[in-house]
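Let's take a walk through this one together, starting from the middle and working outwards. Keep the model open as you read.

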Amino acid sequence: MTNMHNPEPLTRDNAAVVFVDNQVGLMTGIRDYSIADLKHNIVGLAKAAKALGLPIVTTTTSSQTLWGPAIPELQEALPDQTFIDRTTVNAWDDPRVEEAIRATGRSKLIFAGLSLEVCAAFPAMRAVREGFEAYIAVDASGTFNMTKRETALVRLTQAGVVVADGASLMIEILADNASNQAGEVYGALGMDWSILVGQVRESA
């Protein structure tokens, strides 16, 4: 029997990424990361997922009345993406979102959302109940204070959701540094040390 806390590896064939409510209004309240760092992590995750050819689902909630549009940086990173705007608190409760997630055909779902404890956590926990394996890219899922962050991580772990950072999840999917996509993935993630290694290799 599969241990939900040590599942089979993520691959290009079994994983999809779901971006939930990475919106301008919500971004203004983030306190566990700097806005610059959080945007860097969200955009890096999006670009790496795109480079790896992963299915991507994007949503907003009440963009016209509450939280505004998706952050411009994410829209720029995913120019062909349709953002499903809804009113339900849990993204999974909107039939269009559920349909889009199921249509990916993937069994492993990586969530990134603002806020961590609601927008990312609620659909991730629902995904586990629906028989999927759920992951959260914590560093692409900011929240409004440290209590919310700490309690969210505990609740997610209790619910069987795997918590990780986005770069680790993407590199697990990359799997082989000899892959044709390796440079693009590392470049998308924008990790300073990997950029330095690449510069050293080019100068050798």
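**From the sheet outwards**

Start with Asp-21, which sits in the loop between strand 1 (15-20) and helix 1 (24-27). One thing to keep in mind as you look around: this is a predicted model. Asp-21 has a positive phi of about 60° although it is not a glycine, and with a relative accessible area of 0% the residue is buried. Ser-62 makes a nice companion, with a positive phi of about 45° and, again, no glycine. Its place is the loop between strand 2 (56-61) and helix 3 (72-77), and at 11% relative accessibility Ser-62 counts as buried. Then there's Ser-115, in the loop between strand 4 (108-113) and helix 5 (116-129); the peptide bond leading into it from Leu-114 is cis, with omega near 10°.

Now for the sheet that those strands belong to. In what order do the six strands of the open sheet run? Reading across, you get 3-2-1-4-5-6, with parallel pairing. Strand 3 (83-86) and strand 6 are at the edges with a single partner strand each, so one side of each has no neighbour in the sheet. On average, neighbouring strands are turned by 25° against each other, direction ignored. At the strand 3 edge, four bridges join strand 2 to strand 3, the two running parallel, and Thr-60 stands opposite Asp-85 in strand 3.

Helices pack on this sheet. Helix 4 (residues 95-103) touches strand 1, strand 2, strand 3 and strand 4, and its direction makes about 150° with that of strand 3. Helix 5 also packs there, touching strand 1, strand 4 and strand 5, with its direction at about 165° to that of strand 4.

What about the nonpolar interior? In soluble globular proteins, nonpolar side chains tend to be buried together. Here the largest nonpolar core has 40 residues, and those with the most contacts inside it include Val-17, Phe-19, Ile-110 and Met-170. Strand 1, helix 1, helix 2, helix 3, strand 4, strand 5, helix 7 and helix 8 each supply at least two residues of this core, and the largest share, eight residues, comes from helix 2. Apart from this core lies another one of 26 residues, among them Ala-16, Val-57, Ile-84 and Leu-109. Try clicking on Ile-110: leaving out residues up to four places away in sequence, its contacts include Leu-10, Val-17, Tyr-135, Met-170 and Ile-173.

Two of those contacts, Met-170 and Ile-173, take us to helix 7 (residues 166-174), whose buried residues are Gly-166, Ala-167, Leu-169, Met-170, Ile-173 and Leu-174. Why do they sit on the same side of helix 7? Because they cover an arc of only 160° around the axis. Strand 1, helix 2 (35-51), strand 4 and helix 8 are among what covers them. At the N-terminal end, Asp-165 caps helix 7, with a side-chain oxygen 3.3 Å from the backbone nitrogen of Ala-167. Just after helix 7, Ala-175 takes a positive phi of about 70°.

Helix 8 (residues 182-189) buries Ala-182, Val-185, Tyr-186, Ala-188 and Leu-189. Down the axis these fall within an arc of 160°, so they line one face of helix 8. On its other side, Gly-183 and Glu-184 are exposed. Just after helix 8, Gly-190 takes a positive phi of about 60°.

Conventions: Residues are numbered from 1 along each chain as its sequence is written. This is a predicted model: local features need pLDDT of at least 70, side-chain atom pairs count only at pLDDT 80 or more; totals for chains, interfaces and linings use all residues. Side-chain values use heavy atoms; hydrogens and water are left out. Buried means under 20% relative accessible area, exposed over 50%, partly exposed in between (1.4 Å probe, protein chains only). The arc is that of the directions from the helix axis to the C-beta atoms. Contact means heavy atoms within 4.5 Å. A polar contact is a pair of N or O atoms within 3.5 Å; within protein, one must be able to donate a hydrogen and the other to accept it, and residues adjacent in sequence count only if both atoms are side-chain atoms. A nonpolar core is a set of buried Ala, Val, Leu, Ile, Met, Phe, Trp, Tyr and Cys residues joined through side-chain atoms within 4.5 Å. Two strands pair if DSSP finds at least two bridges between them. Axes are lines fitted to C-alpha atoms, for helices over the stretch in contact, and angles run from 0 to 180 degrees between N-to-C directions.
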